Amino acid sequence: PQQIHFRNYLDATKIPGLLQAAQISIARTLIGTACTVLLAGFLGYMFTRETMWKRKLWYRFVVLTMYFNAGIIPWYITMNNLHLTNNFLGYILPTLVSPFYIILTKTYVESIPRELQDAAEVDGAGTLKVFFSIILPIIKPILATVAIFAAVGQWNSYFNALIYIRSESLQPLQIVLRSILVGNQTMSAMSTGAAAVEAKQMADLIKYAIIVVSSAPIMCMYPLVQKYFNQGVMLGSLKG
């Protein structure tokens with residue numbers, strides 16, 4: 001490279017539908033990650049409370065979903081019956097409860113001294129008060145770990161949109177990028193001679209620019225939670 005230039009990125013922003021798709025991906029990542037983290041923390045806490053009705057039964061039921069699923073066709077039928085096809089909520093609601101994240105937070109909550117919760121309950125704190133005032137501030141490391149996993153999963157996810165999202169206004173960034181890359185490869189294959197070389201160079205430049213654009217949000221997010229992420233991963237490794 002002879003010099004730094006941003007022409008490829010400016011050209012990428014002119015691609016029809018790219019900015020709209022980026023907004024959809026950012027919205028689903030922010031909303032989906034926040035809801036998933038909050039619910040994983042709360043359910044992980046509830047599954048440690050012996051007063052929860054049928055606690056062991058519900059926990060085993062949640063874990064069971066890690067090993068069995070109905071498949072793509074029943075999944076699509078279910079989403080269609082719930083009116084979540086061609087719906088932004090289809091990105092959010094199916095990811096709210098994740099057994100893996102619940103197991104992580106449950107393991108972390110179990111490492112917190114029970115006396116903290118008992119003292120708060122003696123002072124009259126209820127379940128929600130204990131969770132938001134005592135548990136939530138303490139479990140920040142594991143929630144940061146869950147946030148990284150959930151954000152990466154939401155940002156990189158494209159298969160669910162490929163299956164049950166037909167509206168172009170709801171397509172995430174990954175679907176649009178995939179279409180651009182496939183289209184550039186097709187144009188390069190159809191060209192010959194000097195035009196083929198130039199087309200391939202343009203396709204590669206756009207491809208590299210798109211890779212950087214699609215990776216930048218997660219790269220910017222990780223340093224903000226790196227301290228908590230390391231703590232959460234280490235605790236998970238020690239607890240097994």
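**Close-up views of a helical protein**

**Helices H3 and H6 are oblique to each other.** This view is taken from a predicted model. The two elements shown are helix H3, covering residues 55-64, and helix H6, covering residues 99-110. Their axes lie 8 Å apart and form an angle of about 135 degrees. Since angles over 145 degrees count as roughly antiparallel and those from 65 to 115 degrees as roughly perpendicular, the pair is therefore classed as oblique. The crossing of H3 and H6 is left-handed.

**Side chains and backbone at the contact of H3 with H6.** Helix H3 contributes Tyr59, Val62 and Val63 to this contact. Helix H6 contributes Pro99, Ile102, Ile103 and Lys106. By residue type, six of these are nonpolar, one is charged and none is polar.

**Helices H8 and H9 are roughly perpendicular to each other.** Helix H8 spans residues 127-138, and helix H9 spans residues 140-156. The angle between the two helices is about 70 degrees, and their axes are 5 Å apart. Because angles from 65 to 115 degrees count as roughly perpendicular, H8 and H9 receive that description.

**Residues at the contact of H8 with H9.** From H8, the residues that take part are Leu136, Pro137 and Ile138. Their partners in H9 are Lys140, Pro141 and Leu143. The residues of this contact comprise five nonpolar and one charged, with no polar residue.

**Gly153 in helix H9 and its separation from Thr95.** Gly153 belongs to helix H9. The relative accessibility of Gly153 is 39%, so this residue counts as partly exposed; buried would require a value under 20% and exposed a value over 50%. Along the chain, Gly153 and Thr95 are 58 residues apart. In space, the C-alpha atoms of Gly153 and Thr95 are separated by 9.7 Å.

**The whole protein, shown for orientation, contains 12 helices and zero strands.** Read along the sequence, the pattern is α-α-α-α-α-α-α-α-α-α-α-α. The protein has 240 residues, of which 37% count as buried. Among contacts with a sequence separation of 6 or more, 78% join residues 24 or more positions apart. The exposed area of the protein is about 14700 Å², and carbon and sulfur atoms supply 66% of that area.

Notes:
Residues are numbered from 1 along each chain as its sequence is written. This is a predicted model: local features need pLDDT of at least 70, side-chain atom pairs count only at pLDDT 80 or more; totals for chains, interfaces and linings use all residues. Side-chain values use heavy atoms; hydrogens and water are left out. Axes are lines fitted to C-alpha atoms, for helices over the stretch in contact, and angles run from 0 to 180 degrees between N-to-C directions. Helices (H or I, at least four residues) and strands (E, at least two) are DSSP runs, numbered from the N terminus. Angles under 35 degrees count as roughly parallel, over 145 as roughly antiparallel, 65 to 115 as roughly perpendicular and the rest as oblique. A crossing is left-handed if the near helix is turned anticlockwise from the far one by less than a right angle, and right-handed if clockwise. Contact means heavy atoms within 4.5 Å. Ala, Val, Leu, Ile, Met, Phe, Trp, Tyr, Cys and Pro count as nonpolar, Asp, Glu, Lys and Arg as charged, and the others, Gly among them, as polar. Buried means under 20% relative accessible area, exposed over 50%, partly exposed in between (1.4 Å probe, protein chains only). Accessible areas come from the Shrake-Rupley method with a 1.4 Å probe; for residues, only the protein chains shown count as cover.
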